[in-house]
Amino acid sequence: MSEDTLRMRPVPATASASTSASAPATASASGSASAAERTEQPAREPSGQRDAFFDNAKYLAIVLVAVGHAWEPLRDGSRAVSALYMVVYAFHMPAFIIVSGYFSRSFDAGPGRIRRLVTGLAVPYVVFETAYTLFTRWTDQEPDRPVSLLDPLYLTWFLAALFIWRLTTPVWRQVRWPLPLALVIAMLATLSPSIGNDLDLQRTLQFLPYFVLGLLLRPEHFQLVRRRAVRVLAVPVFACAVAVAYWAVPRMTGAWFYHRDSAEELAAPSWYGPVMTLVTFGCSLVLVACFLAWVPGRRAWFTVLGAGTLYGYLLHGFVAQGSKYGGWYDPAWVHRPVGVIVVTVVAAVLVTALCTPPVRRPLRWVVEPEAAWAFRRDARERAREQARERSAGRRSPGVTAG
């Protein structure tokens, strides 16, 4: 995550999953819905398997999140790295959030959905918010830093934001013009520095249009960006984006793409906020479309890792923070082109490993807790259980006789 995203200020009271990158709802390797994704129905292929396209997109996006965090200490003195960093941050979290919104379309605030929302987002948020605070006490030498569940630290902002977005899903399904309304809310947020840090509401509101857009998308919309013509066009678009970012590095701040601050906090006139909200939204959508155009639709060696991106997202931050504390970026060669390449490869390999089943299995109890004991069963669940018991009772005489 960027230093802008990290917000390591003393806590009085949402950063780049990745940012990025950004997010990421995931599912277990066997195909069952994960903690963050169990509130939604995963897209399925005709064969009933998980949709390889979305798993590939999530894996590639989480790699960009990790790479973006790895580049953050290399930006000083390198205009090229800063330009690449700006481009990645322009689309990796929007891509994650759009996909999260797409898979949240079925959220209806029913008892089962709420339970899965709590176990899939609220519980991991509490656990990792506490863990990152304790880790920060060590890496930043702040032994008195308090644990504050109201001020998301580092990567945890995304869990808090996704929890809020999903709770509001029924509202966006009812209003007549959901996307324009979400954009208006995001624009107004940039005019309000008094929103404060509680639950990182500034970032939650400014990223809201991407989630709402995801709710509105249908499978055919993703097919449009996967056409050959779009794939070909994506190459020069990305090249132009890098060139524009290279030009912009000394002239503007990339913090507009973090959607974390109001216009006043970015030392800009108030009217910049609404304008930049629309500008960044348009730029991000173009780059998200180009990114998705190059995501393979067939199964690949990394497809199965798309089901474990929540693990990679939550765990790689400890390494990203620890690397700075451990002086991994101190050698001069790390800041040269060869060093940048090495750092990039290491970050990609690391987050890939963190998405694998051997890492996920021992941590499933905290990232994907069941916690059935903590909830009351609703009438439908009791009826299903009674039906199973009656069915078992009818079969038991035959089994005994056999």
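**Close-up views of a predicted model**

**View 1. Helices α4 and α5 cross in a left-handed manner.** In this predicted model, helix α4, which covers residues 111-139, packs against helix α5, which covers residues 157-167, at an angle of about 160 degrees and with the two axes 9 Å apart. Because of that angle, α4 counts as roughly antiparallel to α5. On the α4 side the contact is made by I114, L117, L121, A122, P124 and Y125, and on the α5 side by L159, A160, L162, F163, R166 and L167. Sorted by class, the residues of this contact of α4 with α5 comprise eleven nonpolar and one charged, with no polar residue among them.

**View 2. Helix α3 passes helix α5 in a right-handed crossing.** The angle at which α3 and α5 pack is about 35 degrees, and their axes lie 12 Å apart. From α3, the residues that make the contact are M93, I97 and S100, while α5 contributes W157, F158, L162, W165 and R166. By class, the contact of α3 with α5 is made up of six nonpolar residues, one polar residue and one charged residue.

**View 3. Helix α5 is mostly covered, with eight of its eleven residues buried.** Which residues of α5 are buried? They are W157, F158, L159, A160, A161, L162, W165 and R166. The elements that cover these buried residues include α3 and α4, which also appear in the views above, together with α6 (169-172), α8, α9 (208-216) and α13 (309-325).

**View 4. The axes of helices α7 and α9 come within 8 Å of each other and cross at roughly 170 degrees.** With such an angle, α7 is therefore described as roughly antiparallel to α9. In this pairing, P178, L179, A182, L183, I185 and A186 of α7 meet L208, P209, V212, L213 and L216 of α9. The residues of the contact of α7 with α9 divide into eleven nonpolar ones, with no polar and no charged residue.

**View 5. R50, D55 and K58 are linked in a network of salt bridges.** Side chains of opposite charge can pair when their charged atoms come close. In the salt bridge that R50 forms with D55, the closest N and O atoms are 2.5 Å apart, and in the one where the side chains of K58 and D55 meet, the N to O distance is 3.7 Å. K58 and D55 both belong to helix α2, which covers residues 52-71, and they stand three residues apart, about one turn of the helix. Are R50 and D55 buried or exposed? Both R50 and D55 are buried. For D55 the relative accessibility is 4%, so that D55 counts as buried, and K58, at 3% relative accessibility, likewise counts as buried.

**View 6. The side chains of D261 and R260 meet in a salt bridge, with a distance of 2.8 Å from N to O.** D261 has a relative accessibility of 8% and therefore counts as buried, and R260 also counts as buried because its relative accessibility is 12%. How many salt bridges does a search of the whole structure find? The search finds eight, and the pair of D261 and R260 forms a salt bridge, as does the pair of R50 and D55.

**View 7. A109 has a positive phi of about 65 degrees, although this residue is not a glycine.** Where A109 lies is the loop between α3, which covers residues 79-102, and α4. At 39% relative accessibility, a value between the limits of 20% for buried and 50% for exposed, A109 counts as partly exposed.

**View 8. D200, a residue other than glycine, has a positive phi near 50 degrees.** This residue, D200, is found in the loop between α7, which covers residues 178-189, and α8, which covers residues 201-206. Is D200 buried or exposed? D200 is buried, because its relative accessible area is 2%, whereas A109 of the preceding view counts as partly exposed.

Conventions
Residues numbered from 1 in each chain as written. Predicted model: local features only at pLDDT ≥ 70, side-chain atom pairs only at ≥ 80, totals over all residues. Heavy atoms only, no water. Salt bridge = Lys/Arg side-chain N within 4 Å of Asp/Glu carboxyl O. Buried < 20%, exposed > 50% of the residue type's maximum accessible area, 1.4 Å probe, protein only. Helix = DSSP H or I, 4+ residues; strand = E, 2+ residues; numbered from the N terminus. Axes fitted to C-alpha atoms, helices over the stretch in contact; angles between N-to-C directions. Parallel < 35°, antiparallel > 145°, perpendicular 65-115°, else oblique. Left-handed = near helix turned anticlockwise from the far one by under 90°. Contact = heavy atoms within 4.5 Å. Nonpolar A, V, L, I, M, F, W, Y, C, P; charged D, E, K, R; others polar.
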